[in-house]
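This report describes selected cores, sheets and strand pairings of one structure. The sequence and model are shown first, and the account follows.

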Amino acid sequence: MPEAKPETKKAPAGKDATKPAPKEAPQQKAPTEPPKEAPPEDQSPTAEEPTGIFLKKPDSVSVENGKEATIVAKVNGKELPAKPTIKWFKGKWLELGSKSGARFSFKETHDSASNVYTLELHIGKVVLGDRGDYRLEVKAKDVCDSCAFNIDVEAPRQDSAGQTLESFKRSGEGKSDTAGELDFSSLLKKRQVVEEEKKKKKDDDDLGIPPEIWELLKGAKKSEYERIAFQYGITDLRGMLKRLKKAKVEVKKSAAFTKKLDPAYQVDKGNKIKLVVEISDPDLPLKWFKNGQEIKPSSKYVFENVGKKRILTINKCTLADDAAYEVVVKDEKCFTELFVREPPVLIITPLEDQQVFVGDRVEMSVEVSEEGAQVMWMKDGVEMTREDSFKSQYRFKKDGKRHILIYSEVTLEDKGHYQVMTNGGQCEAELIVEEKQLEVLQGIADLTVKASEQAVFKCEVSDEKVTGKWYKNGVEVRPSKRITISHVGRCHKLVIDDVHPEDEGDYTFVPDGYALSLSAKLNFLEIKVEYVPKQEPPKIHLDCSGKTSENSIVVVAGNKLRMDVSITGEPPPVATWMKEDEVFSGSEGRVRIEQRKDISSFVIESAERADEGRYTIKVTNPAGEDVASIFLRVVDVPDPPEAVRVTSVGEDWAVLAWEPPKYDGGRPVTGYLLERKKKGSQRWMKLNFEVFTEMTYESTNMIEGVLYEMRVFAVNAIGVSQPSVNTKPFMPIAPTSEPLHLTVEDVTDTTTTLRWRPPDRIGAGGIDGYLVEYCLEGSDEWIPANTEPVERCGFTVKNLPTGAKITFRVVGVNIAGRSAPATLTQPVTIREIVEQPKIRLPRHLRETYVRKVGEHLNVVIPFQGKPRPQVVWTKGGAPIDTSRVHVRTSDFDTVFFVREAARSDSGEYELSVQIENMKDTATIRIRVVEKAGPPENVMVKEVWGTNALVQWQPPRDDGNSEITGYFVQKADKKTMEWFNVYEHSRHTSCTVSDLIVGNEYYFRVYTENVCGLSDLPGVSKNTAKILKTGITFKTPEYKEHDFRSPPKFLTPLLDRVVVAGYAAALYCAVRGHPKPKVIWMKNKMEIGEDPKFLMTNHQGVLTLNIRRPSPFDSGTYSCRAVNELGEALAECKLDVRVPH
């Protein structure tokens, strides 16, 4: 696969400009100290950090025209629920596939062992039209991810003497490619020639498309552009369309469209847009398409037809709506492209200046207005990319709206001015990096030594990475057989064996990079010694005498330890090694003794904790003995922390606590590392990258209602311990929010009733109930009113002191604890409130309440009054029968209940509510009805022709309800099949027509009321015989009937209670012949032509309308009907009440 060319950056000016540039590291080689969030092994350092399901994202490449290009990506199959579907796109919407041409080939392989999918896109003979942005999309059921890359196509390299690449070379023949400076002079000389050749070639090379194809495109319809592009392998459709637009090709007038879509539309994200097209015939069918997929009507896409206009409205546009749209009418199409513009990204919290030391961790953060926004980091005007992050030891991190630049260990080269740029603004800050001040922990001491003795200069500084040089009288000391220079940790040592007189002088140690020097003087003590042959007491040569505990050695557990001790003496002494009372003599095994000339070695192959202790070496010969001791300290990683536990949890956080490890490994514990995971998962997530020194840690950004486990590692100078035992699974749960709308519902001399609503936020922990507390005025103590939580949103606090002022509050309780309290704003005075008794009779009970036999009779009547009034029910002035009627009375209503209503329950019931001498009453009329009995004396009175007159009498039992009609049927005597004749007949007779001649009929009649038809019919006692033709019928003689009648009220006036200001009406019905004269009166005074009253008479139904009545209009109203045969009177009472 062609590799992208690395960008060449200029070295910053300054003191570092003269330093030689380091050699470029190989691409696949990891840096010496990788950042804590290192990329996967199979990912190139120049690629983006993997996110989502991609293990390796496709790289942007640059390839020569005519060469081949291969794009490779890797997908983690463990993150996918099923086999993925792979799609490659050119630009935003052009899908590459089999129709893209033979130059494009696709390959997909699956490694079952690692469950990794490898995806390849191969482009043969790349043309200039292939350059542009590409996108790879991976889908598997509901999992979807995509990533973008770019292919840049370069002009082919020239082979002539003036070729570009040969001109772009470095000076200095015979040197490596990285040596010397870039020779721009030869390149500039050829620039003019190259530009002329490019200008001449521009007319022939238009996106790599031959002229004959351009001619074909100019003569083709727009709907054919895509097919031609696919046929000839043209992938840069946008560039092709721009070129065709410049050509000004004459387009034939469309037969279907009178106005087409605009070439492109633009809309801001979140807004709506309308695409309008006008067609020639409103009856033509029309379809809308998005990226080739038909659009269906929905709340997102709204279709409108206005005359010949067809409108597509796209609501709440998102980036997914940035696509190509198409309208199809018959065989004609028109296209457009919609561009969705994201709002500008604003900087909320800018960068801040920082001053740090070399080696410190630095985090520079900026907060923007949109999550997932793209920002550009720049340092001293140069863009910072992820490709350069592996060389410069920095990394980028996104946390919601925060973008963070992290240096794990900052260097002097990292100082400068940093900028963050977005499409809506920018900010800048300065990073100042200073050298740490070097501290001297142990200086060099002056020495006075004798001839042939050893001189040791030793010093210790604060930074173990600091190197340095030793000088004698200003001249650098070089190591030799007698002179040894060592650097172990923070200690620097100069050892001079067999000191000579010329070794005397001033010795200085100078740390590299610091204006600091440590000096000491070596004094040579010359002593004259008389020669005593072969008599020299033994001597052990160590750093110190061995008489104190300062002589110690530290070894890491598991490492090999070799203690070489120089010994002298004549004759050669014998060395013995001991640990307390244990004597070591073996020359083989894990712990052994090795003897050489003038050296005795104590070797431990793999140091263990048990090897720690004080070791003694004793050397003897005839001239004497010498003893020295060495304390061996074995250091190791610490044991895991103890007693790891979760002490408290919240909505998205938990507090973890632990105890230090029992064994610190011989080195102080410097801190702890923490991890967490979801229960059942095997993936642990690090919570901190820098060691945490405290014993408690608050973990945040957790999901409420999900079980988690956590563990802790201990860290010392040696390394990291094994993980602790996992905590017990725990779930982040937060208390609920405070209850809402706390109010006082009722107050008595000793109690207070409170009401409230559930909290606005309950969360995954639910709610167990509520606790009520109160506080007396002048006190700070809150007294619990209930020990167990109550589930309902109401509670009555009892046994309160009368007259006291008390403040109440309510808290919600769940598994996470108590919520914030909801407190009354004002204290409540505990005192009974006297309220006059009043019955609030429901509207449906102000008229007769009708129920059927057998149904429930349930009457609920609210009332008010304090203290609680006495409620009494009576019927006809006598107490009600408690064996049938059940009465339940509460503080605010009374319930009258009969399980199965009977007709005996009908009547007028009186309800009285009384408090001392105050009383209110109400009357409730109840009627219990059932089906009526059958009609009586059903007979055929007369038969003529094919007609029969049937008469009957009303039933004895009307079911306690008005008879609404009769249901008449007939049946032929031969078949006795009954057929309907009349329904809802109001009269007690009817004429049955169209009877069949020669048949004989029976008739039956059912009674009908509000409960329905009677169970049994009344059957005619005689029959109706229809005689055959030829029989004469003698018409009976009838006496003329006198229809005159005196006035009679069919429907009386009813008492009314109305509200003042609202129109009221009084109704009644009168019958009489001749038509009676109607007179309305108020309090027995005739109502004249008063405009306040309107009197109407419609077919005997009399109405008196009263316009906007007032309490003055209350009184007794009467209606008198008069004709020549007599008169009738109806009266009622009207009560006009003013609303309170």
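## Strand β59 and its partners

β59 and strand β60 (residues 817–818) are paired antiparallel over two bridges. The structure is a predicted model, in which local features require pLDDT of at least 70, side-chain atom pairs count only at pLDDT 80 or more, and totals for chains, interfaces and linings use all residues. Residues are numbered from 1 along each chain as its sequence is written, and side-chain values use heavy atoms, with hydrogens and water left out. Helices (H or I, at least four residues) and strands (E, at least two) are DSSP runs numbered from the N terminus, and two strands count as paired if DSSP finds at least two bridges between them. The connection from β59 to β60 is a hairpin through two residues, and Val813 is placed opposite Arg818 in β60.

Strand β59 (residues 805–814) has further antiparallel partners. With strand β56 (residues 769–776) it shares eight bridges, and Phe808 in β59 is the bridge partner of Tyr774. Two bridges link β59 to strand β61 (residues 822–823), where Thr823 is the partner of Arg809. Two bridges also link β59 to strand β62 (residues 828–829); here Lys805 has Thr829 as its partner. Eight of the ten residues of β59 are buried, so the strand is largely enclosed by the rest of the structure. Buried denotes under 20% relative accessible area, exposed over 50%, and partly exposed the range in between (1.4 Å probe, protein chains only).

## The nonpolar cores

The largest nonpolar core has 26 residues, of which Val75, Trp88, Leu136 and Ile151 touch the most other members. Such a core is a set of buried Ala, Val, Leu, Ile, Met, Phe, Trp, Tyr and Cys residues joined through side-chain atoms within 4.5 Å. At least two residues of this core come from each of β2 (61–64), β3 (69–76), β7 (116–123), β8 (132–140) and β9 (143–154). Apart from this core lies another, of 23 residues, including Tyr265, Ile273, Trp288 and Cys334. In soluble globular proteins, nonpolar side chains tend to be buried together.

Which residues does Trp88 contact, leaving aside its neighbours within four places in sequence? They are Ile71, Leu94, Glu95, Leu96, Phe106, Leu119, Glu120, Leu121, Arg135, Leu136 and Phe149, where contact means heavy atoms within 4.5 Å.

## Pairings of β9

β9 pairs with β2 in the parallel sense over four bridges, and Val63 is found opposite Val153 in β9. With β8, by contrast, the arrangement is antiparallel and comprises nine bridges; Val138 faces Asp145 of β9 in this pairing. The hairpin of β8 and β9 has two residues between the strands, and Lys141 in this hairpin takes a positive phi near 55°.

## Two open three-stranded sheets

One open sheet has the strand order β51-β50-β53 with antiparallel pairing. Its edges are β51 (685–686) and β53 (708–716), each with a single partner strand, so one side of each is left without a neighbour in the sheet. Strand β50 (residues 669–678) runs antiparallel to β53, with nine bridges between them, and Tyr672 is positioned opposite Ala714 in β53.

Another open sheet of three strands follows the order β72-β73-β76, also with antiparallel pairing. The edge strands, β72 (936–944) and β76 (989–992), each pair on one side only. From one strand to the next the twist averages 20°, with axes taken as lines fitted to C-alpha atoms (for helices over the stretch in contact) and angles running from 0 to 180 degrees between N-to-C directions. Six bridges connect β72 antiparallel to strand β73 (residues 947–953), and Trp944 lies opposite Asn947 in β73.

## Glu1127 in β89

Glu1127 belongs to strand β89 (residues 1126–1137). Is this residue buried or exposed? Glu1127 counts as exposed because its relative accessibility is 52%.

Excluding residues up to four places away in sequence, Glu1127 touches Pro1047, Arg1120, Ala1121 and Val1122. Glu1127 and Phe1049 are 78 residues apart along the chain, and their C-alpha atoms are separated by 10.0 Å.
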